[in-house]
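Here is a set of short exercises on helix packing and buried residues, each with a worked solution. Keep the structure open beside the text and try each task before reading on.

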Amino acid sequence: MASLFDPLQAGALQLSNRIVMAPLTRNRSPGAIPQAITATYYAQRASAGLLITEATAISHQGQGYADVPGLYGTEQLDGWKRVTHAVHEAGGKIVVQLWHVGRVSHTSLQPDGQAPVAPSAIAAKTKTYLIDAQGRGSFAETSTPRALDASELPAIVKSYRAAARNAVETAHFDGVEVHAANGYLLDQFLKTSSNHRTDDYGGSIENRARLLLEVVRGIVDDVGGGKVGIRLSPVTPANDVHDDAPQPLFEHVVRELAPLGLAYVHIIEGATGGPRELPDRPFDYHALQAAYRNAGGKGAWMVNNNYDKALAEQKLASGEADLIAFGKPFISNPDLVRRLKEDAPLNPPDKSTFYGGGERGYTDYPALA
């Protein structure tokens, strides 16, 4: 019977335990460049079986929030090399989450102040995080996007592939996670509320899943499936997305992913950071996992959303999960793995320091004596 503290082989990733640090946006990378304190932050948490970095933009166009990191410039890659070196020195494993925000952006963050891009020209009823010239952070409405022309989509795929190669070959990450969740670009293409296209990338389930699958297959060709994970959120309302029939959509997606030899599939259950079950958006996660396994999928099954130790152990024991991702508890508890193992109390987080700032609320949380 699996425990949180048992090792696991997930594709090419040999993990020391089943506890994963989920991606957590912290807005501390001015110029999209990870800083020295970023290396400290991740190294402090390297006892997790796997660290997944904060979402990291694959291109300038993919940026949607102030001071989030990127993977498309030399200084950015040098910054990430410091991070991966520090994590590896601490005995950890780390993958980077590849991100294109699509319409969840603001013109001030886009190249030449252009409109963000999306599958369709539909504004997201959500906000992004901006930092003004005086260094003050605030949330602002996202800008109305323009619809991507089909001729532009091969370049999007190329950007994902280049970012994955940069991550593994230059920045020395152990792998990459494709962010196809939470209402960002790939999720926008998947879901009916944000994709009103009438070409080969809209309409049917197969068409709406096309871009996601082109991206993942390309990355697998470049770096190997055993170093690739994917994050999906079938029913979360994050960033103003929903699908009229998520069950057949996501079962199709995982069946198509099954032959690719992925390291893991990362599933957000329910609403990101909110309820694990949504009465108005029922979803059968057991059927989703079965669809993946029945199609030959061998990757580790990672689950996420408001897990505590008891629920995590229950999921592992039942075979409903192989890995458990913990998010906010890792912010204030760099030694979360030890605290879970010893049933020690957790440090409470300072929510005022979640986004932006320096060391306070980032690298200064105490570990157990």
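## Exercise 1: the surroundings of a buried lysine

Beyond its neighbours within four places in sequence, Lys191 touches Arg208, Ser233, Pro234, Val235, Thr236, Val241, His242, Asp243 and Phe250. Please note that this is a predicted model.

Task: Locate Lys191 and decide whether it is buried or exposed.

Solution.
- Step 1. Find the segment: Lys191 sits in the loop between α4 (185-190) and α5 (205-208).
- Step 2. Check the accessibility: the relative accessible area of Lys191 is 0%. Buried means under 20%, so Lys191 is buried.
- Step 3. Return to the contacts: among the residues that Lys191 meets are Arg208 and Asp243, as well as Phe250.

## Exercise 2: an alanine in a strand

Task: Find which strand holds Ala57, and how far apart Ala57 and Pro69 are in sequence and in space.

Solution.
- Step 1. Ala57 belongs to strand β4 (residues 50-57).
- Step 2. The relative accessibility of Ala57 is 0%, so Ala57 counts as buried.
- Step 3. Twelve residues separate Ala57 and Pro69 in sequence, while their C-alpha atoms are 6.4 Å apart.
- Step 4. Setting aside neighbours within four places in sequence, the contacts of Ala57 are Gly62, Gln63, Pro69, Gly70, Leu71, Tyr72 and Trp99. Pro69 is thus one of the contact residues.

## Exercise 3: the packing of α1 on α2

Task: Describe how α1 and α2 are arranged, and list the residues that meet.

Solution.
- Step 1. Take the geometry: the axes of α1 (residues 36-44) and α2 (residues 74-89) come within 8 Å and cross at roughly 30 degrees.
- Step 2. Classify the angle: this makes α1 roughly parallel to α2, as angles under 35 degrees count as such.
- Step 3. Add the handedness: the crossing of α1 past α2 is right-handed.
- Step 4. List the contact: from α1 come Thr38, Ala39, Tyr42 and Ala43, and from α2 come Trp80, Arg82, Val83, Ala86 and Val87. By class, the contact of α1 with α2 has seven nonpolar residues, one polar and one charged.
- Step 5. Look at burial: Ile37, Thr38, Ala39, Tyr41 and Tyr42 are buried in α1. The cover over the buried residues of α1 includes α2, along with β3 (19-21), β4, β5 (94-99) and α10 (328-332).

## Exercise 4: the two sides of α8

Task: Work out which residues of α8 are buried, and what covers them.

Solution.
- Step 1. In α8 (residues 285-294), the buried residues are Tyr285, Leu288, Gln289, Ala291 and Tyr292.
- Step 2. Viewed down the axis of α8, these buried residues fall within an arc of 155 degrees, so they line one face of the helix.
- Step 3. Recall the helical repeat: an α-helix has 3.6 residues a turn, so residues three or four places apart point the same way.
- Step 4. Turn to the other side of α8, where His286 and Asn294 are exposed.
- Step 5. The cover over the buried residues of α8 includes α7 (246-257), β12 (264-268) and β13 (300-304).
- Step 6. Consider α7 in its own right: α7 and α8 pack at an angle of about 30 degrees, with axes 8 Å apart. They are therefore roughly parallel to each other, and α7 passes α8 in a right-handed crossing.
- Step 7. In this contact, Gln247, Phe250, Glu251, Val254, Arg255 and Leu257 of α7 meet Ala287, Leu288, Ala291 and Tyr292 of α8. The classes are seven nonpolar, one polar and two charged residues.

## Exercise 5: positive phi values

Task: Where are Asn27 and Asn239, and is each buried or exposed?

Solution.
- Step 1. Asn27 is not a glycine, yet its phi is positive, at about 55 degrees. Asn27 lies in the loop between β3 and α1.
- Step 2. Asn27 has 2% relative accessibility, so Asn27 counts as buried.
- Step 3. Asn239 is also a residue other than glycine with a positive phi, near 60 degrees. Asn239 lies in the loop between β11 (228-232) and α7.
- Step 4. With 12% relative accessibility, Asn239 counts as buried.

Methods: Residues numbered from 1 in each chain as written. Predicted model: local features only at pLDDT ≥ 70, side-chain atom pairs only at ≥ 80, totals over all residues. Heavy atoms only, no water. Axes fitted to C-alpha atoms, helices over the stretch in contact; angles between N-to-C directions. Helix = DSSP H or I, 4+ residues; strand = E, 2+ residues; numbered from the N terminus. Parallel < 35°, antiparallel > 145°, perpendicular 65-115°, else oblique. Left-handed = near helix turned anticlockwise from the far one by under 90°. Contact = heavy atoms within 4.5 Å. Nonpolar A, V, L, I, M, F, W, Y, C, P; charged D, E, K, R; others polar. Buried < 20%, exposed > 50% of the residue type's maximum accessible area, 1.4 Å probe, protein only. Arc of directions from axis to C-beta.
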